[in-house]
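Have the sequence and the 3D view open side by side. We will go through the packing of helices, the relation between copies, an enclosed space and a few backbone details.

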4 protein chains.
Amino acid sequence: VRRTHFLPLAELHYEIDRRVPPALIISSGDVVVIETEDAFSGQIRKAGDRRDKRLLPNSNPVSGPIFVEGAEPGDALEVQIVRIDPLIDQCSTYLWPHPHVQSHLGHRVEHVTRICPIRDGRVIWSENRSLPYAPMIGVVATAPAIGVPTTLPPGDYGGNMDLRELAPGTTLWLPVEVAGALLFVGDCHAAQGNGEPSGVALEMPARVTLRLRVDKAKHLAGPRFRTKRDLGAVATAPNLNEAVGLAYARLARWLEADFDWDRWEAYSFLTQCGDLSLGYLVYGIAAAKVKRSYVDASR
Amino acid sequence: VRRTHFLPLAELHYEIDRRVPPALIISSGDVVVIETEDAFSGQIRKAGDRRDKRLLPNSNPVSGPIFVEGAEPGDALEVQIVRIDPLIDQCSTYLWPHPHVQSHLGHRVEHVTRICPIRDGRVIWSENRSLPYAPMIGVVATAPAIGVPTTLPPGDYGGNMDLRELAPGTTLWLPVEVAGALLFVGDCHAAQGNGEPSGVALEMPARVTLRLRVDKAKHLAGPRFRTKRDLGAVATAPNLNEAVGLAYARLARWLEADFDWDRWEAYSFLTQCGDLSLGYLVYGIAAAKVKRSYVDASR
Amino acid sequence: VRRTHFLPLAELHYEIDRRVPPALIISSGDVVVIETEDAFSGQIRKAGDRRDKRLLPNSNPVSGPIFVEGAEPGDALEVQIVRIDPLIDQCSTYLWPHPHVQSHLGHRVEHVTRICPIRDGRVIWSENRSLPYAPMIGVVATAPAIGVPTTLPPGDYGGNMDLRELAPGTTLWLPVEVAGALLFVGDCHAAQGNGEPSGVALEMPARVTLRLRVDKAKHLAGPRFRTKRDLGAVATAPNLNEAVGLAYARLARWLEADFDWDRWEAYSFLTQCGDLSLGYLVYGIAAAKVKRSYVDASR
Amino acid sequence: VRRTHFLPLAELHYEIDRRVPPALIISSGDVVVIETEDAFSGQIRKAGDRRDKRLLPNSNPVSGPIFVEGAEPGDALEVQIVRIDPLIDQCSTYLWPHPHVQSHLGHRVEHVTRICPIRDGRVIWSENRSLPYAPMIGVVATAPAIGVPTTLPPGDYGGNMDLRELAPGTTLWLPVEVAGALLFVGDCHAAQGNGEPSGVALEMPARVTLRLRVDKAKHLAGPRFRTKRDLGAVATAPNLNEAVGLAYARLARWLEADFDWDRWEAYSFLTQCGDLSLGYLVYGIAAAKVKRSYVDASR
């Protein structure tokens with residue numbers, strides 16, 4: 001019997017910490033509905049609000065952790081992303097004067113916030129401009145066995161990946177490093193561009209529905225995902241050049257392990273037809289993707 | 001009257017050199033049909049051939065230059081890509097042991113070449129696997145006023161960009177730095193993935209049909225393009241992190257200059273819906289893109 | 001009354017963790033004598049020993065933490081390095097096949113360990129080659145308020161800095177982010193080159209004598225130090241290019257804050273006479289230095 | 001018979017160009033006295049002068065080239081730096097708002113120039129502050145066989161290395177890629193710090209005395225030097241992390257080739273006692289150094 005659990009918005013975490021007691025204990029295969037706060041911890045809700053880092057220095061609060069019974073170090077945690085719904089029918093963003101923004105655009109970067117209603121499947125940017133509502137999870141992580149990462153730079157445990165593919169319909173696999181896996185989730189976006197250039201997407205508090213399952217057969221170096229169209233392998237590194245190369249290599253090794261490719265032929269083949277998705281451009285995080293129809297030669 | 005010129009395969013260049021006498025002198029608006037050699041200078045044509053860098057150390061030979069009458073420093077050269085046809089109905093690739101490939105995949109990387117026929121709009125990878133023929137130009141450049149770049153790392157003059165968008169139907173603009181612009185073209189690919197991870201695409205000798213026009217109104221910091229769907233701005237930097245940020249900033253400034261956006265709002269908007277295309281991942285080259293339908297608010 | 005405390009080798013930590021109960025509680029101004037294990041946790045002690053990461057995946061164990069009474073967030077912890085003595089009159093090193101070593105030197109990098117006696121102020125490398133004993137602390141850190149870093153990449157809290165200046169006679173200042181500062185120390189080297197190219201110095205278990213004092217007047221962005229000759233400011237970043245620039249900027253701001261310089265003049269002056277020290281070259285860590293005699297104009 | 005040649009200040013070059021006719025033809029072993037302009041092409045000579053890049057966009061003009069008879073591709077050019085004398089008893093500098101300077105120091109970076117007299121072996125910075133006159137060559141290069149680099153980023157041909165070791169008493173070896181080697185020299189500094197953080201040293205027009213000799217026995221991947229104390233190997237790469245590692249590897253291979261070391265032992269040994277010198281921190285250029293007394297075990 002598959003059960004559904006609900007985790008209401010409660011204590012927020014800014015660390016992916018194996019020592020936090022579980023907020024929820026579930027069985028492999030259960031569904032969880034998790035409420036998440038936005039990346040600003042709710043500081044920007046109406047016109048004139050500002051992101052005040054003196055009051056609240058940390059970003060990207062996460063809900064959790066969720067303990068999945070049976071998950072052991074060396075396993076993978078399968079995360080099926082079922083739904084992502086806005087909690088308050090709006091999202092918000094602002095531009096902050098990160099040095100790279102300043103050197104490109106000039107130094108008069110103002111702290112301007114923007115509130116965008118979400119309605120009829122659209123995010124309303126301004127009177128005459130809107131975007132499709134394309135929700136995704138910014139931060140999703142299992143707790144690593146050593147170190148306690150913050151919810152800023154991502155790593156092999158997942159974390160602040162900011163990849164558009166982490167959307168409803170996608171199945172994500174994360175490495176399990178501690179008993180129970182300890183899943184943390186937060187930082188949902190109503191829409192986000194590739195590379196998230198300003199570092200601030202259309203941030204929203206959300207209700208996230210996931211189905212979690214322990215996979216004893218996969219042994220992962222880092223996150224992987226499957227969308228309707230693609231397989232994707234994620235890698236982080238000190239810079240994008242290395243992350244992109246490593247992501248493609250992990251994808252080639254996935255094709256070797258599960259689809260009977262030679263890894264070098266796979267790398268050469270991906271050179272001809274692979275695709276990429278990047279997280280926040282200041283980090284070194286990339287996902288390398290390939291169409292599922294290309295992977296299986298019988299198709 | 002628009003004329004069509006033909007530049008057959010003749011002397012090959014491995015430098016983007018303002019001192020090379022024009023191979024062709026044309027008027028603004030004329031069409032040129034250019035034959036180009038493949039990236040290996042034809043060393044890999046049949047099974048068992050190898051890329052031998054002792055005999056031929058340089059890569060990516062280009063044809064040209066083409067002198068466009070009326071082009072002056074400060075102008076832009078508009079390059080409409082009309083057609084890209086294979087010269088010999090095949091393309092080829094190989095995997096070479098670049099350090100980044102070795103550190104990811106292991107050290108037994110062999111020098112294996114692969115010849116792929118092109119037929120019925122497909123590139124035949126193997127008996128049971130093929131890809132759509134998706135031709136693009138790897139190297140397209142105007143001559144810079146200082147320095148003579150090789151056909152390896154790209155720059156603001158264009159060069160070895162390896163971007164999939166440089167395909168039939170796309171209009172590219174390049175900065176003009178010397179009288180006549182001096183266009184060089186080569187290194188066509190029958191298909192290529194985003195980021196070209198191994199650095200060796202499906203390389204082919206090709207017949208490239210371009211319409212070239214001098215644009216006196218655009219003053220460019222680097223290449224720009226327009227596809228059926230997108231506008232794109234290209235940037236190069238020592239690494240991908242900087243290139244991606246700069247490409248988005250150039251796109252934001254384009255929206256400011258030509259479409260009446262505020263540059264900071266544009267940067268924030270692109271954060272929500274922009275897309276990326278990368279050249280060879282060892283370089284720092286990126287194109288930031290946005291749907292044309294998003295740029296014009298009246299749509 | 002200044003007291004001296006002794007912290008014998010006991011539990012080792014691989015994390016800089018604010019939640020670890022103090023191993024020692026001291027007053028500001030007290031002296032501590034700390035025993036530290038080597039970077040290999042003692043796995044390499046005699047000919048034929050190997051670094052076995054399956055048994056012991058983590059590196060650079062630290063002793064501590066030491067709680068200094070009166071230290072509050074926003075203060076600095078002054079660490080006077082009084083002595084560093086080998087615990088067993090030998091140090092050891094080995095070469096491991098890091099990808100950057102392999103791509104430069106070839107792929108037959110063997111796992112060769114080397115045991116070097118320390119005697120008469122020399123480290124004996126081989127029968128006919130020795131180096132001066134030049135001890136330094138590899139890892140020295142205060143606990144950060146958010147996140148729990150491992151003892152691998154360094155940060156503004158210090159950590160695995162691997163800077164040769166952290167030697168007897170040097171005074172180091174570290175930011176205090178939690179009550180008591182919580183100092184961790186380990187990974188001593190009998191000698192180390194600038195940039196530590198292989199990542200493995202002459203590692204030794206050691207007895208470290210420090211005098212610790214709370215400094216309420218300094219508010220630090222990152223570590224600083226004073227040697228007999230120099231002032232130095234430390235910075236970490238994703239890469240060395242950024243770390244070197246930031247380290248110089250922090251030094252310029254130190255001259256501004258404490259020595260009445262204009263920060264821009266200071267930056268220009270440091271361009272003419274500054275010096276650099278790097279930690280492990282795979283990280284982005286640098287110290288920018290200037291002769292103390294240059295800083296005070298009256299000299 | 002060793003002859004001395006004089007090359008007065010005449011045509012300046014901003015490119016390292018194999019196609020420029022020799023300004024001087026000499027025999028191997030001859031001495032040359034070369035006048036060089038400063039990095040600003042003389043734009044900053046008195047109080048109130050400014051570096052105006054609209055009038056003169058290029059930097060670091062070089063004198064030359066000097067054709068050394070008998071130099072063939074594959075040889076090395078030995079450059080003994082005999083003397084570097086100021087042409088006008090002063091040097092100058094300024095601070096420009098490079099993005100990395102702005103993001104570290106703030107955005108009000110003004111364009112302030114400074115003229116520093118050189119007298120009695122000192123550079124007079126201000127009324128009460130001076131530095132030792134420590135002259136060096138900023139740009140020294142042989143012409144490469146492909147591409148024509150500008151006098152900005154350095155490469156394996158040398159170029160704008162900005163290394164403090166390129167000073168009187170040092171012998172430098174550069175790869176020869178074209179007949180006659182074609183040496184270019186310019187951009188002398190009266191003093192410079194390690195990493196040249198602002199990118200603008202104490203720039204001076206100078207009279208440089210060199211002895212040039214063809215070395216048929218050395219086959220170099222990049223520049224090398226020998227100072228009174230050290231051997232040094234230079235490397236360039238897209239970033240400093242890679243340049244530092246490659247420089248050490250080149251030094252290890254030098255010890256292998258000329259001093260009978262095992263390359264891996266050498267790399268491990270350099271890890272314990274090597275030193276570093278960096279050029280302008282925005283580039284990826286480093287020299288790895290080792291004391292000559294350490295290299296020869298008999299000492």
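At what angle do the axes of helix 2 of chain C and helix 2 of chain D cross, and within what distance do they come? This is a predicted model, and the values here are computed from it. Two packed helices are described by the angle between their axes and by the distance between those axes. Here the crossing is at roughly 105 degrees, and the axes come within 7 Å. Each of the two helices spans residues 240–259. An angle from 65 to 115 degrees counts as roughly perpendicular, so helix 2 of chain C is roughly perpendicular to helix 2 of chain D. On the chain C side, Leu240(C), Asn241(C) and Val244(C) make the contact. On the chain D side, Leu240(D), Asn241(D) and Val244(D) do so. By class, this contact has four nonpolar residues, two polar ones and no charged ones.

Now turn to chains A and B. Helix 2 of chain A packs on helix 2 of chain B at about 105 degrees, and their axes are 7 Å apart. That angle makes the pair roughly perpendicular. Leu240(A), Asn241(A) and Val244(A) meet Leu240(B), Asn241(B) and Val244(B). This contact, too, has four nonpolar, two polar and no charged residues.

Next, the relation between copies. Chain B superposes on chain A by a rotation of 180 degrees, with 0.0 Å of shift along the axis and an RMSD of 0.0 Å. Which residue of chain B comes closest to the rotation axis? Leu240(B) does, with its C-alpha at 2.8 Å. Leu240(B) is also one of the residues in the helix contact with chain A. Of the interface residues of chain B, 100% are interface residues in chain A as well, so the two copies meet through the same surface.

Chain D also superposes on chain A by a rotation of 180 degrees, with 0.0 Å of shift along the axis and an RMSD of 0.0 Å. The two copies are therefore related as by a two-fold rotation axis. In chain D, the C-alpha nearest that axis belongs to His107(D), 3.5 Å away. Because 100% of the interface residues of chain D are also interface residues in chain A, these copies meet through the same surface.

Now look for enclosed space. Rolling a probe the size of a water molecule over the atoms shows where empty space is left. How many cavities of 30 Å³ or more does a search of the whole structure find? It finds one. The largest cavity holds about 30 Å³ of space. Its lining includes Asp38(A), Arg45(A) and Glu203(A), along with Ile44(A), Ile88(A) and Pro205(A). Gln90(A), Cys91(A) and Ser92(A) also line it. Strand 6 of chain A, residues 90–94, gives the largest share of the lining, with three residues. By class, the lining has four nonpolar, two polar and three charged residues.

Finish with the backbone. The peptide bond from Gly64(B) to Pro65(B) is cis, with omega near 0 degrees. Pro65(B) lies in strand 4 of chain B, residues 62–68. In chain D, a cis bond joins Gly64(D) and Pro65(D), with omega about 0 degrees. Pro65(D) sits in strand 4 of that chain, residues 62–68. In chain A, check Asp162(A): its phi is near 55 degrees, a positive value in a residue other than glycine. Asp162(A) lies in the loop between strand 11 (158–160) and strand 12 (171–175).

Conventions
Residues numbered from 1 in each chain as written. Chains lettered and ligands numbered in written order. Predicted model: local features only at pLDDT ≥ 70, side-chain atom pairs only at ≥ 80, totals over all residues. Heavy atoms only, no water. 1 Å grid on protein atoms, 1.4 Å probe; cavity = no way out; pocket = protein on both sides within 12 Å on 5 of 7 lines; lining within 4 Å. Points joined across faces, edges and corners; volume = space filled by probe spheres on them. Helix = DSSP H or I, 4+ residues; strand = E, 2+ residues; numbered from the N terminus. Nonpolar A, V, L, I, M, F, W, Y, C, P; charged D, E, K, R; others polar. Least-squares fit on C-alpha atoms with pLDDT ≥ 70 in both. Contact = heavy atoms within 4.5 Å. Axes fitted to C-alpha atoms, helices over the stretch in contact; angles between N-to-C directions. Parallel < 35°, antiparallel > 145°, perpendicular 65-115°, else oblique.
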